[in-house]
Amino acid sequence: MQIKGKWTPPLFQLKQVTKYYRISLSSTITVLKEVSIHVDKGSLITIIGPSGAGKSTLLSLLNRLEDADGGEIYFQEKEIKLWDVLELRRQVGLVFQIPVMLPGTVKDNLLYGPGLRGQTPATSAADIIKMVGLEEKILERNSSNLSGGQKQRVALARTIANGSRILLLDEITSSLDHESAMSIENLIINLNKEHGYTCLWVTHDRLQAQRVSPYSWSLHDGKIELIANNKEE
């Protein structure tokens, strides 16, 4: 990427990355085959492909829930295995399809991650909860009493409160109704465009991928193809 004539290194760079799983003593299945691709800061990239193509695996490699079996991954020009894994996951947050709420209030959920480090969020809980489109009064509600859409927003808010500027989103709308899914789509677009969050979003919905991002990574047979979605910026 070029910004005002100055080269900016990619946020993530994958070089010949391979990932396989052993399915028996004598055989393996390879889900990523010598993948080389990069992610620029501030990108919003959707990731599509059939079930089992390696979409969720790819996200897991980027915050080291799993490690590659071959090749190299760099985060901010540093080999990813050289990062302290807790610091890496603080910066690179993973949000799952089914949001899991921690016991206590919504505010307790937002303060949990920073609290483990003896810190408070750099941005107030009230401002963060508004950022994800919820009213401040929800902070005092028990997290178990939220709707599915509200829980997904709180999961995003919790990731943001932990200090993550990179959001790895794994099928985060697939269990929501259409209205809630569209609302989350608009939220992610806003976080990217207005607040500068880098977002990698796995989705099974090709139309959703086209709506939210100008281009997608399509995974098939262990390879990644870049697809333009013809979306106006």
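Here is a walk through this predicted model, starting in its core and working out along the helices.

Let's begin with the greasy middle. The largest nonpolar core holds 34 residues, and L110, I129, L169 and I188 are the ones with the most contacts inside it. Several elements chip in two or more residues each: helix 3 (106-116), helix 4 (125-131), helix 5 (148-161), strand 9 (166-170), helix 6 (178-195) and strand 10 (198-202). Helix 5 is the top contributor, with six residues. As background, nonpolar side chains in soluble globular proteins tend to be buried together.

I188 is a good place to zoom in. Setting aside neighbours within four places in sequence, I188 is in contact with L44, L156, L169, I172, C199 and W201. There is also a second, separate core, this one of 30 residues, and V35, I45, L62 and V202 are included in it.

Now follow helix 5, since helix 5 gives the most to the largest core. Take its pairing with helix 6 to start. The two pack at an angle of about 20°, and their axes are 11 Å apart. Angles under 35 degrees count as roughly parallel, so helix 5 is roughly parallel to helix 6. Their crossing is right-handed. On the helix 5 side, the residues involved are G149, Q152, R153, L156 and I160, and they meet S183, I184, L187, I188 and L191 of helix 6. Sorted by class, this contact has six nonpolar, three polar and one charged residues. I188 turns up here again, having already appeared among the residues with the most contacts inside the largest core.

Helix 5 has another partner in helix 3. Here the packing angle is about 30°, with the axes 8 Å apart. That angle makes helix 3 roughly parallel to helix 5, and this crossing is right-handed. V106, N109, L110 and P114 come from helix 3, while V154, A157, R158 and A161 come from helix 5. The class tally for this contact is six nonpolar, one polar and one charged residues. L110, part of this contact, is another of the residues with the most contacts inside the largest core.

Two more residues of helix 5 are worth a look. T159 is found in helix 5. Is T159 buried or exposed? The cut-off for buried is under 20% relative accessible area, so T159, at 12%, counts as buried. Leaving out residues up to four places away in sequence, T159 touches G93, V95, S164 and L167.

K151 also sits in helix 5. Its relative accessibility is 23%, so K151 counts as partly exposed. Beyond residues up to four places away in sequence, K151 touches P99, M101, S143, S144 and L146. Look at M101 in that list: K151 and M101 are 50 residues apart in sequence, yet their C-alpha atoms are 7.2 Å apart in space.

To finish, jump back to helix 1 (residues 55-62). Seven of its eight residues are buried, so helix 1 is largely enclosed by the rest of the structure. The buried ones are K55, T57, L58, L59, S60, L61 and L62. L62 is also a member of the second core. After helix 1 comes R64, which has a positive phi, near 65°.

Key. Residues are numbered from 1 along each chain as its sequence is written. This is a predicted model: local features need pLDDT of at least 70, side-chain atom pairs count only at pLDDT 80 or more; totals for chains, interfaces and linings use all residues. Side-chain values use heavy atoms; hydrogens and water are left out. A nonpolar core is a set of buried Ala, Val, Leu, Ile, Met, Phe, Trp, Tyr and Cys residues joined through side-chain atoms within 4.5 Å. Buried means under 20% relative accessible area, exposed over 50%, partly exposed in between (1.4 Å probe, protein chains only). Helices (H or I, at least four residues) and strands (E, at least two) are DSSP runs, numbered from the N terminus. Contact means heavy atoms within 4.5 Å. Axes are lines fitted to C-alpha atoms, for helices over the stretch in contact, and angles run from 0 to 180 degrees between N-to-C directions. Angles under 35 degrees count as roughly parallel, over 145 as roughly antiparallel, 65 to 115 as roughly perpendicular and the rest as oblique. A crossing is left-handed if the near helix is turned anticlockwise from the far one by less than a right angle, and right-handed if clockwise. Ala, Val, Leu, Ile, Met, Phe, Trp, Tyr, Cys and Pro count as nonpolar, Asp, Glu, Lys and Arg as charged, and the others, Gly among them, as polar.
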